[in-house]
Amino acid sequence: MPVVFEKLAAQLQDPLFRSTESGYDGDDVRAFLDKAARRLALLEARVAKAETRAEAAERRAGAARRFARSGSGAGSGSGPDTLVLEEVVQAGQRQAEQVAVDAAAEVERLRAEAVERVAAARAAASAPELRAEVDKRRGELRRQQDQCHKAQADLEAADQAVRAGRREVLAGLNQQLQQLAKEARP
């Protein structure tokens, strides 16, 4: 089995999707299926082309064998070697053309995929819902920050009140001690 088919089979057997509260993320599933369908179509096209080329090569090989067995063409100015060479050159030209077609198709596929990714990224970045969510979260963070500042100010005020209260208690205790000391003297 070709490596490409093995990879595709592995991806189809064990796909990775993000999960949401209602199951797999629908966008992930659609994107995976679209990608798998494109790859499968490309592979099917390549297999069909390869089968066509193989059949043509078998026909040419059969014709060359028949020609070689018949011994025809001798003395006609173009021997069997010339015909075989011409067929080899033509086959090489056809293969070169096919490689160019396959490369152009791959470039187009990659370009389309890049365009899709850029469009998806732009849509995600400029989505009004996303911006609204970001603004909402920023507002929440500002409110929490304000609450933290107020709580800190309240703690500082409470700390000052506790210190003042301690000073008053200590001053009161000090006065009582002095009073007790005066009363305890004979």
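**Exercise 1. State what share of the contacts between residues at least 6 apart in sequence joins residues at least 24 apart.**

Solution. Contact means heavy atoms within 4.5 Å. Among contacts in the protein chain between residues at least 6 apart in sequence, 54% join residues at least 24 apart. The model is predicted: local features need pLDDT of at least 70, side-chain atom pairs count only at pLDDT 80 or more, and totals for chains, interfaces and linings use all residues. Residues are numbered from 1 along each chain as its sequence is written, and side-chain values use heavy atoms, with hydrogens and water left out.

**Exercise 2. Locate the salt bridge between arginine 46 and glutamate 106 in the secondary structure.**

Solution. A salt bridge requires a side-chain nitrogen of Lys or Arg within 4 Å of a carboxyl oxygen of Asp or Glu. The side chains of arginine 46 and glutamate 106 satisfy this at 3.5 Å, N to O. Arginine 46 belongs to helix H2 and glutamate 106 to helix H3 (residues 80–126), so the pair ties together parts that are 60 residues apart in sequence. Helices here are DSSP runs (H or I, at least four residues), numbered from the N terminus.

**Exercise 3. Determine whether glutamate 113 is buried or exposed, and identify its salt-bridge partner.**

Solution. Buried means under 20% relative accessible area, exposed over 50%, and partly exposed in between (1.4 Å probe, protein chains only). Glutamate 113 has 16% and is therefore buried. Its partner is arginine 109, with the closest N and O atoms 3.1 Å apart; arginine 109 is partly exposed at 25%. Finally, Arg46, Glu106, Arg109 and Glu113 are linked in a network of salt bridges.

Conventions: Helices (H or I, at least four residues) and strands (E, at least two) are DSSP runs, numbered from the N terminus.
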